[in-house]
Amino acid sequence: MGHPAPREGSGLSTSFGAMWAAITPIGRSSATGGYRRYALTRTDHDLREWFAGEATARDLDLTTDRMGNQWAWWGNPDASSGIVTGSHLDSVPDGGPFDGPLGVVSSFAALDRLRAQGFIPARPIGIVHFGDEEGARFGVACAGSRVITGTMTADRARGLTDADGISMADALRSAGHDPQTIGHDPETLGRIGCFVELHVEQGRALIDLGQPVAIGTDIWPHGRWRLDFPGEANHAGTTRIDDRRDAMIGLASTVLVARAAATGHGCLATIGKTRLVPGGVNAIPSAATAWLDARGADEDAVRDTVAEIVASAGAYGASVVEESWTPVTRFDHALITRLRGVLPSAPLLGTGAGHDAGILAAAGIPAAMLFVRNPTGISHSPDEFAERDDCLLGVEALATVIADLSGRS
Ligand SMILES: [Zn+2]
């Protein structure tokens with residue numbers, strides 16, 4: 001819907017369009033039009049079959065690592081470390097079609113492009129499909145890359161549970177994987193000379209810059225905090241205002257403080273999940289819990305923002321727990337310089353969203369990203385979109401980068 005027709009006579013457009021048409025129906029909800037592509041489900045299986053089919057059709061060597069992530073290789077990565085691209089295929093609940101799949105489809109299309117030009121790489125080229133990037137089912141984002149890099153232990157991964165109480169260990173078993181074999185995978189990591197992940201932009205920066213493709217420089221520092229506000233349950237119809245200890249008041253006030261603090265420090269702060277006890281329309285809340293997500297380009301500014309929010313919560317007697325904190329992840333400077341050399345018009349862009357490229361970078365693997373313009377900036381929604389022409393320019397950029405990195409011959 002809404003896609004411009006592929007340009008006639010363009011092999012690149014045909015290659016991209018055929019893959020896009022094949023993958024688009026998989027895991028799409030007929031009720032919402034959004035995607036529900038969750039880890040270790042039937043839909044996940046279908047996406048893996050799609051990936052394997054694309055690899056086989058191109059005579060690539062298909063392997064899986066110790067977390068079941070799929071790798072398609074052109075050349076032997078055990079002979080010399082390779083240039084790896086790719087992304088993920090899973091989604092958030094009712095997500096859009098581009099977040100993840102654009103990177104994987106573009107990787108195969110870029111490879112087709114290079115082969116059509118008669119390019120012979122001097123180094124192996126790999127395409128990876130990372131599993132469970134969004135963490136929609138088991139709650140931990142980038143589980144596929146976290147486990148193979150050792151960022152998340154196998155024990156912790158096996159013990160994660162979904163909303164139905166099914167453990168990841170059981171889900172792995174049901175999907176045909178042996179949960180006892182998952183874990184840190186130095187052999188696979190040793191094959192990655194560098195990783196370049198193409199991704200749809202999840203904001204509006206490229207619109208303002210008037211460019212279709214950007215080079216990713218870093219992933220902003222970000223964290224999550226849990227705020228527990230105390231109160232006292234009582235009757236909504238008989239308790240005088242002055243006699244109330246309403247947990248919701250502190251929460252509501254703190255939501256507004258979060259907005260003001262983030263604005264003042266040039267950061268982002270979101271309270272997107274709350275829980276009220278007892279949760280009755282005619283009951284004064286005896287407890288209110290809120291989860292705060294805060295991010296920004298500058299670590300001190302994020303910390304200052306959170307400090308103001310915590311002070312506000314504290315004034316209402318709340319206790320605050322830092323559930324996670326991830327410092328800034330900078331992509332590899334030499335790799336970015338190399339990308340800038342072949343994509344001179346592409347602006348540099350940091351991002352507030354997490355990615356597998358960030359997990360690999362934090363594990364010491366040279367990594368970088370390419371972002372493709374998103375005309376609305378909307379992501380994690382069925383309305384997420386990218387113009388076909390911009391997608392094809394993304395493929396061109398990726399092909400150029402891979403050709404440069406894998407050595408022209
Ligand atoms: Zn993504």
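## Helix 2 and its surroundings

Helix 2 is followed by Asp59, a residue with a positive phi near 60 degrees. The model described here is a predicted one. Helix 2 comprises the 16 residues 42-57; at 1.5 Å a residue these should span 22 Å, and the end C-alpha atoms are indeed 22 Å apart, so expectation and model agree.

The buried residues of helix 2 are Thr43, Asp44, Leu47, Arg48, Trp50, Phe51, Ala52, Glu54 and Ala55. An α-helix has 3.6 residues a turn, so residues three or four places apart point the same way. The elements that cover the buried residues of helix 2 include helix 1 (11-23) and helix 3 (101-116), together with strand 1 (61-64), strand 2 (70-74) and strand 4 (125-130).

## Packing of helix 1 against helix 2

The axes of helix 1 and helix 2 are 11 Å apart, and the two helices pack at an angle of about 155 degrees. Because angles over 145 degrees count as roughly antiparallel, this value makes helix 1 roughly antiparallel to helix 2. The crossing of the pair is right-handed.

Helix 1 contributes Met19, Ala22 and Ile23 to the contact, while helix 2 contributes Leu47, Trp50 and Glu54. By class, the contact of helix 1 with helix 2 has five nonpolar residues, one charged residue and no polar residues. The three helix 2 residues of this contact, Leu47, Trp50 and Glu54, also appear among the buried residues of helix 2.

## Packing of helix 1 against helix 13

Helix 1 also packs against helix 13 (388-406). The axes of these two helices come within 11 Å and cross at roughly 110 degrees. Helix 1 and helix 13 are therefore roughly perpendicular to each other, and helix 1 passes helix 13 in a right-handed crossing.

On the helix 1 side, the contact is made by Leu12, Ser13, Phe16, Gly17 and Trp20; on the helix 13 side, by Arg388, Cys391, Leu392, Val395 and Glu396. By class, the contact of helix 1 with helix 13 has six nonpolar, two polar and two charged residues.

## Packing of helix 11 against helix 13

A further partner of helix 13 is helix 11 (residues 333-342), and the axes of the two come within 10 Å and cross at roughly 120 degrees. Helix 11 and helix 13 are therefore oblique to each other. The crossing of helix 11 and helix 13 is right-handed.

Leu335, Arg338, Leu339 and Val342 of helix 11 meet Thr400, Val401, Asp404 and Leu405 of helix 13 in this contact. The residues of the contact of helix 11 with helix 13 divide into five nonpolar, one polar and two charged.

## Backbone features in loops

Most residues other than glycine have a negative phi, and most peptide bonds are trans. Cys142 has a positive phi near 60 degrees. Cys142 lies in the loop between strand 4 and helix 4 (143-149). With a relative accessible area of 4%, Cys142 is buried.

His380 likewise has a positive phi, near 55 degrees. The place of His380 is in the loop between strand 15 (367-372) and helix 13. At 40% relative accessibility, His380 counts as partly exposed.

A cis peptide bond, with omega about 0 degrees, joins Val277 and Pro278. Pro278 lies in the loop between strand 9 (268-277) and strand 10 (283-284).

## Ser167 and Arg330

Ser167 is found in the loop between helix 5 (154-159) and helix 6 (168-174). This serine is buried, with a relative accessible area of 15%. Leaving aside neighbours within four places in sequence, Ser167 is in contact with Phe138, Arg158, Leu160 and Thr161.

Arg330 lies in strand 13 (residues 329-330). Arg330 is exposed, with a relative accessible area of 60%. Apart from neighbours within four places in sequence, Arg330 is in contact with Thr217, Asp218 and Ala361. Arg330 and Met19 are 311 residues apart along the chain, and their C-alpha atoms are separated by 32 Å. Met19 is one of the helix 1 residues in the contact with helix 2.

Definitions and conventions. Residues numbered from 1 in each chain as written. Predicted model: local features only at pLDDT ≥ 70, side-chain atom pairs only at ≥ 80, totals over all residues. Heavy atoms only, no water. Helix = DSSP H or I, 4+ residues; strand = E, 2+ residues; numbered from the N terminus. Expected span 1.5 Å × (residues − 1). Buried < 20%, exposed > 50% of the residue type's maximum accessible area, 1.4 Å probe, protein only. Contact = heavy atoms within 4.5 Å. Axes fitted to C-alpha atoms, helices over the stretch in contact; angles between N-to-C directions. Parallel < 35°, antiparallel > 145°, perpendicular 65-115°, else oblique. Left-handed = near helix turned anticlockwise from the far one by under 90°. Nonpolar A, V, L, I, M, F, W, Y, C, P; charged D, E, K, R; others polar.
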